Amino acid sequence: MDLQQLLRDLGDHAEGKIKQAQSLAELEAFQLHFLGRKGELALLMKKVAEVSKEERPIIGALANEVKGLIERHLEAAHEQLGSAEINAQLVEEQEDITEPGIRPPEGHIHVINQAIEEITDIFERAGFSRTRQPEVDWDWYAFEALNMPKEHPARDEWETFFMDAPISSKWGKMLLTPHATSGTARTLAQAAPRLKKEGGSIRSINIAKTYRRQIDITHVPMFHQFDGVYVNKQVSVTHLLGILDYFVKEFFGQDRRTRLRPFHFRFTEPSFEIDISCGVCNGSGKINGEKCRTCKDGWLELGGAGMLHPNVLEAANIDSKTYSALAFGWGVERTYMMKEGLQLDDMRLLYKNDLRFLKQF
Ligand code: DAH
């Protein structure tokens, strides 16, 4: 057969095949099949030896032409199939941005921190500033400066954790603050020079972690207290009742009433326990003629308060003849439970990090 014809036929045949190719892989196979070292063109070229010398250059030129033709077809097909494949992949991997996303789990602040924020807010509206004081402190601020001398039995009530640290001759032992009143003692001492120089008043609320060696269903060894103090000239019990009543109405509800009951603390004189009217029986102590089960005779015990003892003011270097001060303080956990009317079976639940419990608040 005529070699020139065979070459032309090869060109036509390859063109047809390449145009039908469906994938880049198929094209690659054609490339080898037609143009590879052992491919069809190479096979035909072996026949050059059989043609006359005059015809050889013509065959050579024709072979190059056919090779070039096949290459161009391969290239064109490659371009077309390549972009088609990329498009298909893009379509497949396309994200539907209108689809609703997956919401990541969202937490909320701990119930006790919520209570702390609320308490802070209420007192800030009455002109108190939240102070921050160390929660590892000296015996001086926790007891001595609060009119509780070393051997005084009242100190046993505080069940204090003492640090294994050198004792200071000036400040005594180091401890974990057993009540937030120690922070108040520090605030008083810090503000004393300002009072002396510029006069004015002190209105501080210390909300802090407190620690006592007690753990059972109504006690945890770490809990929170808030402790407020208002120092000015001629502060009286009336002011004390006023600020407590304001807090109780803001925190528990406008219909709640407050009363002071005489009590004893070393750092206040006079001292009181604060009661609030029971929200369940509305302070009457009775529900449909039956005794209310939430309270004792219409009142619930909230916390301690009083007028700071002159010795406490003097220990902070504040002149107790010029100034007087009201003070109050009690636990955040208990206050929050009272607000919600929660009878928490076990106070320890608050700090067990059990989400089933915490998510309820
Ligand atoms: N610090 C006391 C306690 O932990 C409570 C207390 C009573 C605080 C009377 C006060 C106060 O500021 O005036 O039991």
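## Strands 10 and 11

Met-307 has Leu-326 of strand 11 as its bridge partner, and strands 10 and 11, taken as DSSP runs of E with at least two residues and numbered from the N terminus, pair in the antiparallel sense over four bridges; pairing requires that DSSP finds at least two bridges between two strands. This is a predicted model, in which local features need pLDDT of at least 70 and side-chain atom pairs count only at pLDDT 80 or more, while totals for chains, interfaces and linings use all residues. Residues are numbered from 1 along each chain as its sequence is written, and side-chain values use heavy atoms, with hydrogens and water left out.

Strand 10 also runs antiparallel to strand 7 (residues 268-277), to which eight bridges join it, and Gly-303 in strand 10 is the bridge partner of Ile-274. Nine of the 10 residues of strand 10 are buried, where buried means under 20% relative accessible area, exposed over 50% and partly exposed in between, with a 1.4 Å probe and protein chains only.

## The shell around the ligand

The ligand is surrounded by 15 residues, the closest being His-179, Thr-181, Arg-212, Gln-225 and Asp-227; a residue is counted as near if one of its heavy atoms lies within 4 Å. Strand 5 (222-232), strand 10 (299-308) and strand 11 (324-331) each supply at least two residues of this shell. By class, the shell holds six nonpolar, seven polar and two charged residues, with Ala, Val, Leu, Ile, Met, Phe, Trp, Tyr, Cys and Pro counted as nonpolar, Asp, Glu, Lys and Arg as charged, and the others, Gly among them, as polar.

A polar side-chain atom of Arg-212 lies 2.8 Å from an oxygen atom of the ligand, and polar backbone atoms of Ala-327 and Phe-328 are placed 3.2 Å and 3.3 Å from a ligand oxygen atom, respectively. The protein buries 92% of the 350 Å² that the ligand exposes when taken alone, with areas from the Shrake-Rupley method and a 1.4 Å probe.

## Gln-225

Gln-225, one of the residues closest to the ligand, belongs to strand 5 and is buried because its relative accessible area is 10%. The side chain of Gln-225 reaches the backbone nitrogen of Ala-180 at 2.8 Å.

Leaving aside neighbours within four places in sequence, the contacts of Gln-225 include His-179, Asn-206, Arg-212 and Trp-330, contact meaning heavy atoms within 4.5 Å. The C-alpha atoms of Gln-225 and Asp-319, residues that are 94 apart along the chain, are separated by 27 Å.

Notes
Polar contact = N/O pair within 3.5 Å; in protein donor to acceptor, adjacent residues only side chain to side chain.
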